[in-house]
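Please look at the sequence and the structure below before reading on. The paragraphs after it go through helix packing and then salt bridges.

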Amino acid sequence: MLRSLCNIVLLALASLRVNATILTALINISDAASSPAVDVALVDQVHTIYRSALADTVGGSQNPTEESRTGIEEALKTYRQLAKKEPETYLPNIAATLNDLGILDTDENRIEKARKEFEEALKIYRQLAHKEPDVYLRYVAITLNNLGVFEGAGSRLEEALKIYRELAHRDRATYLPYVAITLKNLGILDSGKNRLNKAWEEYAESLKIYRELAQKEPETYLSHVAVTLNNLGIVDEGQNQVNEARREYEEALKIYRGLAAKEPEPYLPYVAATLVNLGILDRAQNQPEEARKAFEEALNIYKALAKQDPDQFSPFVEQVKKHLKNFPK
């Protein structure tokens, strides 16, 4: 069985922050329309310390902030008025703006407000996709993905996955990353509900895709290989496949060390997180010295990070210290 997973942590791009509801990686409409290499946040699941969920979200502006709320709300009001006369022109703007507001409200834990915004955006995208599927079907899928993670609804994620598979069949290079991320979302959802066999299959397929993508674009996709290895390792350990779990954690750690050597700021937290996974596995397999080494290295990394950002990393320092208390000095 999977161990109890406590805190929810998002290691997104160059920061680490706690969100008590869901964890979102923001994909804006402009990004989704123009780039096949989708920039999504990476999620590590770490036994006892972390539990995570992952979503792609889609909006109209780049990383909307609370300071921009007034402008976004005014834009939505304007687009609604314009859409009364020219719906074909302005309905897409309404949907994108609703998604921006949904992103803001999710971040601020305004759950019901965000749900209504995402649901209205989805309704609009379905209408648009009915007339122009080649243009708007992708946005139906992305918004389904948002709501799937938001609600913990596998049915929405599965519908999104079905759409992405169809799109990838026609345009593999563009949509294969979306297939991978949606599979990983489903894996996180199913592992959280203890459907470990299903989660394993979803993570394994996602990993296979990310390996393929990383061969062509390692700078973009190696980190996704690593995070999926970590997730798969947690499921394997939960099913007592400890040798497989160890191989997955060790490969993830090797990748993260390589990434951190070039870019320490965004990737050192992942090195520490994976070391914690390995430490817990070593302790469970009665390898106390190996476990101690893993925890001590993770602790040193978190201490260094906490000097720069105590609010974010001090809790992890304390968590790893608790692990080390179990070892005689």
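What follows describes one pair of packed helices and then several charged pairs, all in a predicted model.

Two packed helices are described by the angle between their axes and the distance between the axes. Begin with helix α6, which covers residues 154–170, and helix α7, which covers residues 172–192. Their axes come within 8 Å and cross at roughly 160°. Angles over 145 degrees count as roughly antiparallel, and α6 and α7 are therefore roughly antiparallel to each other. The crossing of these two helices is left-handed. On the α6 side, the contact is made by G154, L157, E158, A160, L161, Y164, R165, L167, A168 and R170. Helix α7 contributes R172, Y175, L176, Y178, V179, T182, L183, N185, L186 and L189. Sorted by class, the residues in this contact are 13 nonpolar, three polar and four charged.

The next topic is salt bridges, of which the structure holds 24. One of them involves E158, a residue already met in the contact of α6 with α7. Its partner is K198, and the closest N and O atoms of the two are 3.4 Å apart. K198 belongs to helix α8 (residues 196–216) and E158 to helix α6, so this salt bridge ties together parts that are 40 residues apart in sequence. K198 has a relative accessible area of 31% and is partly exposed. E158 is also counted as partly exposed, at 39% relative accessibility.

Further along the chain, D282 and R246 form a salt bridge through their side chains, with an N to O distance of 2.7 Å. Because D282 lies in helix α11 (residues 264–284) and R246 in helix α10 (residues 242–262), the pair ties together parts that are 36 residues apart in sequence. Are these two residues buried or exposed? Both D282 and R246 are buried.

Helix α10 takes part in another such link, this time through R257. R257 forms a salt bridge with E297, and their closest N and O atoms are 2.7 Å apart. E297 lies in helix α12 (residues 288–308), and the pair links distant parts of the chain, 40 residues apart. E297 counts as partly exposed at 29% relative accessibility, and R257 counts as partly exposed at 35%.

Some salt bridges share partners, and which residues do they join into one network? The residues are R69, E73, D105, E108, R110, K113 and E117.

How values were computed. Residues are numbered from 1 along each chain as its sequence is written. This is a predicted model: local features need pLDDT of at least 70, side-chain atom pairs count only at pLDDT 80 or more; totals for chains, interfaces and linings use all residues. Side-chain values use heavy atoms; hydrogens and water are left out. Axes are lines fitted to C-alpha atoms, for helices over the stretch in contact, and angles run from 0 to 180 degrees between N-to-C directions. Helices (H or I, at least four residues) and strands (E, at least two) are DSSP runs, numbered from the N terminus. Angles under 35 degrees count as roughly parallel, over 145 as roughly antiparallel, 65 to 115 as roughly perpendicular and the rest as oblique. A crossing is left-handed if the near helix is turned anticlockwise from the far one by less than a right angle, and right-handed if clockwise. Contact means heavy atoms within 4.5 Å. Ala, Val, Leu, Ile, Met, Phe, Trp, Tyr, Cys and Pro count as nonpolar, Asp, Glu, Lys and Arg as charged, and the others, Gly among them, as polar. A salt bridge is a side-chain nitrogen of Lys or Arg within 4 Å of a carboxyl oxygen of Asp or Glu. Buried means under 20% relative accessible area, exposed over 50%, partly exposed in between (1.4 Å probe, protein chains only).
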